[in-house]
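Here are my notes on the model, as numbered points. Please read them with the structure open.

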Amino acid sequence: MSAGTGAYDESYRRSLDDPDGFWLEAAAAISWTRPPTRAIDASGDPIFRWFPDGELNTAYNALDRHVEAGDGERTALIYDSPVTGTGRTYSYAQLRDEVATFAGALASLGVGKGDRVVVYMPMVPEAVVAMLACARVGAIHSVVFGGFAPRELAARIEDAGPKVIVAASCGIEPTRIVEYKPIIDEALTIASHRPEHTVVLQRPQARADLGDNDLDWTELVANARPVDPVPVAATEPLYILYTSGTTGRPKGVVRDNGGHAVALAWTMRNVYDIGPGDVWWTASDVGWVVGHSYIVYAPLLVGATTVLYEGKPVGTPDAGAFWRVISEHGTKALFTAPTAIRAIKKVDPDAAELAKYPMDTFRTLFLAGERLDPETYHWAHEHLDVPVVDHWWQTETGWPIAANPRGLEPLPTKPGSATVPMPGWNVQILDAGGKELLPHEEGAIAIKLPLPPGALPTLWGDDQRYIDSYLKEYDGYYLTGDGGYIDDDGYIFVMGRTDDVINVAGHRLSTGSIEAVVAANPAVAECAVIGVHDALKGQLPRAFVVLKAGATVTDDVLRDELVAAVRREIGPVAAFRDVSVVDALPKTRSGKILRRTMRGIADGRDEPVPSTIEDPAVLDALRPVLRG
Ligand code: COA
Ligand code: AMP
């Protein structure tokens, strides 16, 4: 595989031929309380660990280290919140002090090494403080995205077993204030696990009523004393982040401390070309992996300035919202999802708003989270006049599997490709039997073990589920769940998921869990939920429902019931609105619903009729509905 000729090729080869040498060298960018002497630990194969004898504190690396190096006055975080009309700036010294004090507050509640803390907060600086405070005391945070319903929050509380929940009283959406406390209270009636306390940051937009075990953030902090960072083994978990799998039960992706810090620091310099003092903005949410890695940890680990933006790409106040932020803060690079660019393009197709803002500091647009369609790529490239870099990764991997390493060696871009594999990612395309395919042959994208540092070592409390979900299909490989191919230059083209995971506005969801909610309606005999192409959000869930004999409900009433149920059980983020009542669903002779074939037809592809189909007439009857 050869894409470039210089630094990239050399780094990539070395990372595979001499992983110990490559990653120990990268580990020098991190301050260790006990430097590692070994990189990979294969003793638990297929569960691999990184830097087994290293010891560090991630929050120390993100904050104290820069203060001690004399950079305490440098800006660490810029909070820009058009939805509240406020903003704040934190220097490294200020953020370190706030984190140390909140860490003291957590310690006063008995939170220490290995304890879990669920963080349920919108895009406010205190969310970053809470995450780093957990890291400071060696606790494990689990951040839950605000757009999920109580049941989803409950599933995460149940699995993580937090000692404490840290929350805000509300989040702010364009159409409404989302009160968090009632969602937590309801989640706690569903989960059997009982956290000892909920700490609530009161926001003026909606103050929460506090119960017996609830504590006011401000009061707690007023009485807290700052604490020092606690060294932890590199292999200890830093956080758990739940993500959608093919079943309704979310998977608790575990991230360790050492491998994570090393890998993220490497990417900031080599992939994103960001270093100390550079202003970097990731427009995502702290509830997603992109937010964990590139709003919070990576920029701070390398001493950059991170922008925390509470708002949407458009309507806050207009389609120039993103360009204002870039211009006002002297941003060097923006990382967001293609859907955000599509949202701007939709209301401002000629990018008229862009002309209002000088963008002279802006160098690169990074996009990930879903497929980057060529139209969005060309629009962004034409109007922003900077390289538009598509890169591919997953919650599980924590950092890009494939990217264009702008800092290491900028490579030519190819629309439709996430460019080349990053060091440590031995990407292969496999056929159904596990044979490695040749260039241009499409198949399952898999990664030869071991995965590099920073990738998930396992799922929380469930090594077997990790093995069953990712490693069982192909011996010696991690299954990404994406399909695609590699071209003659080694460029990776990701064509989409091969399982039931869909991507709605860059948010990862499981059609299986939506299907379970739809199927629970008493009028529904059977159903299939598939992700169909959407011009704005990339994909949207669509349900096809067969009614029980004798069901009297009208289509409209059923639709309203199902939409309300999905919103209640999964959350508004599912953006579920589309229900079609049909006579029958196409199946194989063994009774499996042909979801993949349905998806292909709905997306306008020339989908072959599978030879295993039970009754081709059912599919023929469904075709116009799917295409409609
Ligand atoms: N808390 C509560 N509700 C939330 C929420 C949150 N944090 N985030 C979204 N929602 C709600 C929205 O209010 C909306 O509710 P509604 O049905 O009542 O209108 C619903 O969930 C769907 O939200 P979303 O998909 O975000 O649609 P949108 O129309 O509000 O915005 C985009 C569309 C494209 C502008 C927006 O999704 C976006 O900026 N996406 C970027 C994606 C991203 O950051 N991905 C992370 C990977 S990089
Ligand atoms: P998440 O875990 O939410 O980050 O979602 C990961 C999934 O998003 C991947 O498995 C892909 O299906 C999709 N994805 C992420 N980045 C890209 C990209 N650059 N191109 C195509 N698909 C992507």
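1. **The shell around ligand 2.** The residues surrounding ligand 2 divide into three nonpolar, five polar and six charged. That shell holds 14 residues. The closest are His391, Thr395, Asp482, Arg497 and Arg508. Keep in mind throughout that this is a predicted model.

2. **Polar contacts of ligand 2.** Start with the side chain of Arg497. One of its N or O atoms is 2.7 Å from an oxygen atom of ligand 2. The backbone contributes too. A backbone N or O atom of Gly369 lies 3.1 Å from a nitrogen atom of the ligand. A polar backbone atom of Glu370 is 3.4 Å from a nitrogen atom of ligand 2. How much of ligand 2 does the protein bury? Taken alone, the ligand exposes 490 Å², and the protein buries 94% of that.

3. **The shell around ligand 1.** Here 23 residues surround the ligand. Glu173, Arg176, Lys312, Arg567 and Arg577 come nearest. By class, the shell divides into 11 nonpolar, six polar and six charged residues.

4. **Polar contacts of ligand 1.** Two side chains are worth checking on screen. A polar side-chain atom of Arg567 lies 2.8 Å from an oxygen atom of ligand 1. For Lys312, a polar side-chain atom lies 2.9 Å from an oxygen atom of the ligand. There is also a backbone contact: a polar backbone atom of Gly146 is 3.3 Å from a nitrogen atom of ligand 1. Ligand 1 on its own exposes 940 Å². The protein buries 84% of that area.

5. **The four-stranded sheet.** Four strands form an open sheet, in the order E23-E24-E25-E26. The pairing is antiparallel. Which strands are at the edges? They are E23 (426-430) and E26 (492-497), each pairing on one side only. From one strand to the next, the twist averages 50°.

6. **Inside that sheet.** Strand E25 covers residues 477-486. Five bridges pair E25 with E26 in the antiparallel sense. To find the register, look at Gly484, which stands opposite Val494 in E26. This part of the chain also meets a ligand: Asp482 and Arg497 are among the closest residues to ligand 2.

7. **The seven-stranded sheet.** Seven strands form another open sheet, in the order E5-E4-E17-E16-E18-E19-E20. Its pairing is mixed. Why do E5 (86-91) and E20 each have one side left without a neighbour in the sheet? Both stand at the edges with a single partner strand, so one side of each stays unpaired. Neighbouring strands are turned by 20° against each other on average, direction ignored.

8. **The E19-E20 pair.** Strand E19 (residues 364-367) runs parallel to E20. Three bridges join the two. Phe366 has Val389 in E20 as its bridge partner.

9. **Cis peptide bonds.** Check two of these. One joins Asp45 and Pro46, with omega about 15°. Pro46 lies in the loop between strand E1 (40-41) and strand E2 (49-50). Another joins Leu449 and Pro450, where omega is about 0°. Pro450 lies in the loop between strand E24 (443-448) and helix H14 (463-471). Strand E24 also belongs to the four-stranded sheet of point 5.

10. **A positive phi.** Asp385 has phi near 55°, a positive value in a residue other than glycine. Where is Asp385 found? It sits in the loop between helix H13 (374-384) and strand E20 (388-390). That strand is an edge of the seven-stranded sheet.

11. **The N-terminal annotation.** UniProt, in an unreviewed entry, annotates residues 8-62 as "domain: Acetyl-coenzyme A synthetase N-terminal". Over this stretch the chain is 42% helix and 11% strand. Its end C-alpha atoms are 27 Å apart.

12. **The C-terminal annotation.** The unreviewed UniProt entry also carries "domain: AMP-binding enzyme C-terminal", covering residues 514-592. Over these residues the chain is 27% helix and 32% strand. The end C-alpha atoms are 18 Å apart.

Key. Residues numbered from 1 in each chain as written. Chains lettered and ligands numbered in written order. Predicted model: local features only at pLDDT ≥ 70, side-chain atom pairs only at ≥ 80, totals over all residues. Heavy atoms only, no water. Pairing = 2+ DSSP bridges. Axes fitted to C-alpha atoms, helices over the stretch in contact; angles between N-to-C directions. Near = heavy atom within 4 Å. Polar contact = N/O pair within 3.5 Å; in protein donor to acceptor, adjacent residues only side chain to side chain. Areas by Shrake-Rupley, 256 points an atom, 1.4 Å probe, with all protein chains shown as cover. Nonpolar A, V, L, I, M, F, W, Y, C, P; charged D, E, K, R; others polar. UniProt positions renumbered as here; feature names shortened; annotations may be inferred.
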